[in-house]
Amino acid sequence: MDEKIMLNSTDTTGNMIAQEIRKGISEGRYKTGEKIKEADLCQRFGVSRTPVREAFRLLQNEGLLVHNPQRGVQVPEFRLEELMNLQQMRTTLECLSARNAAPLANEENIWRLRELNRQISEFDENNTHKTDALDREFHLTIARIGSNPYVTDFLQNILTRYELSTYVIPFQGSRIPYTYKEHEDVITALELNDAELAEKYMSIHFHYSTLSLSKKLARYMEEIKQKKRKKRN
């Protein structure tokens with residue numbers, strides 16, 4: 001499909017191009033450290049340099065792009081130390097998101113969340129990014145139910161930054177049964193419209209998620225050390 005068709009009058013062209021770049025990062029079309037060429041985007045969307053530069057400005061403000069004097073505009077390099085900081089911020093937002101969503105959740109919302117969680121449980125080792133995308137949509141759906149646009153926007157930004165790490169530390173199937181159960185607990189609390197319970201179960205989910213992430217980071221760092229030792233030898 002011609003991307004120019006996607007640009008509509010409800011948003012500025014710069015905003016629409018920025019959204020397409022965000023989507024590209026989320027889907028792995030733009031990798032960490034990759035240069036984003038202004039001329040390519042102008043040609044792709046059939047626009048002048050002005051809206052493309054506006055998109056770059058928006059995304060640099062969000063931390064999703066950086067300007068390197070030698071390389072131009074690029075997706076930022078992934079830094080392991082940033083991941084736990086993002087996890088801390090995400091946990092806070094996710095708990096608030098669940099609390100906000102509980103009083104407003106309806107049958108349609110609950111059905112949608114259960115369907116997403118069912119698809120998450122059908123984990124495919126050969127397509128881990130599909131599971132990651134489903135998990136992302138599960139949590140953004142809860143945020144949207146809560147009807148606080150600031151929570152949704154901030155959470156979406158953090159989740160997009162997370163995508164930069166998933167190509168280094170991919171989603172692993174070993175935690176899927178636990179993730180499924182923890183999600184179901186959150187859904188049940190939302191179904192009961194119990195804000196305190198929803199926040200509690202979301203907190204438990206991210207407690208275990210953070211422990212798992214710490215272990216994955218430790219394994220990754222050990223692998224890096226081993227590779228360095230082999231090169232020296």
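**Figure 1. The largest nonpolar core in this predicted model brings together 23 residues.** If you want to find the busiest spots, look for Leu-113, Phe-138, Ile-142, Leu-190, Ala-198 and Met-202, which have the most contacts inside this core. Five helices each chip in at least two residues: H4 (80-101), H5 (107-121), H6 (128-145), H8 (176-191) and H9 (195-232). Which helix gives the most to this core? That's H8, with five residues.

**Figure 2. Here we zoom in on Leu-113 and the residues it touches.** Skip anything up to four places away in sequence, and Leu-113 still touches Phe-138, Thr-141, Ile-142, Ile-145, Ile-187 and Leu-190. Leu-113, Phe-138, Ile-142 and Leu-190 are also among the residues with the most contacts inside the largest core.

**Figure 3. Helices H2 and H3 pack against each other at an angle of about 120°.** To describe a pair of packed helices, you give the angle between their axes and the distance between those axes. In this pair, H2 covers residues 38-45, H3 covers residues 49-62, and the axes sit 9 Å apart. With that angle, H2 counts as oblique to H3. As for handedness, H2 passes H3 in a right-handed crossing. And which residues actually meet? On the H2 side they are Glu-38, Leu-41 and Cys-42, and on the H3 side Arg-49, Val-52, Arg-53 and Phe-56. Sort the residues of this contact by class and you get four nonpolar, three charged and no polar ones.

**Figure 4. Asn-157 sits in helix H7, which spans residues 149-166.** Is Asn-157 buried or exposed? It has a relative accessible area of 17%, and the cut-off for buried is under 20%, so Asn-157 counts as buried. Once you set aside neighbours within four places in sequence, Asn-157 is in contact with Glu-62 and Leu-64. Glu-62 belongs to the stretch covered by H3 (residues 49-62).

**Figure 5. Stepping back, the whole chain has nine helices and two strands.** Start at the N terminus and read off the elements: α-α-α-β-β-α-α-α-α-α-α. Of the 233 residues in the chain, 44% are buried. Now take the contacts with a separation of 6 or more: 73% of them join residues 24 or more positions apart.

Technical notes
Residues numbered from 1 in each chain as written. Predicted model: local features only at pLDDT ≥ 70, side-chain atom pairs only at ≥ 80, totals over all residues. Heavy atoms only, no water. Helix = DSSP H or I, 4+ residues; strand = E, 2+ residues; numbered from the N terminus. Buried < 20%, exposed > 50% of the residue type's maximum accessible area, 1.4 Å probe, protein only. Contact = heavy atoms within 4.5 Å. Axes fitted to C-alpha atoms, helices over the stretch in contact; angles between N-to-C directions. Parallel < 35°, antiparallel > 145°, perpendicular 65-115°, else oblique. Left-handed = near helix turned anticlockwise from the far one by under 90°. Nonpolar A, V, L, I, M, F, W, Y, C, P; charged D, E, K, R; others polar. Core = buried A, V, L, I, M, F, W, Y, C linked by side-chain atoms within 4.5 Å.
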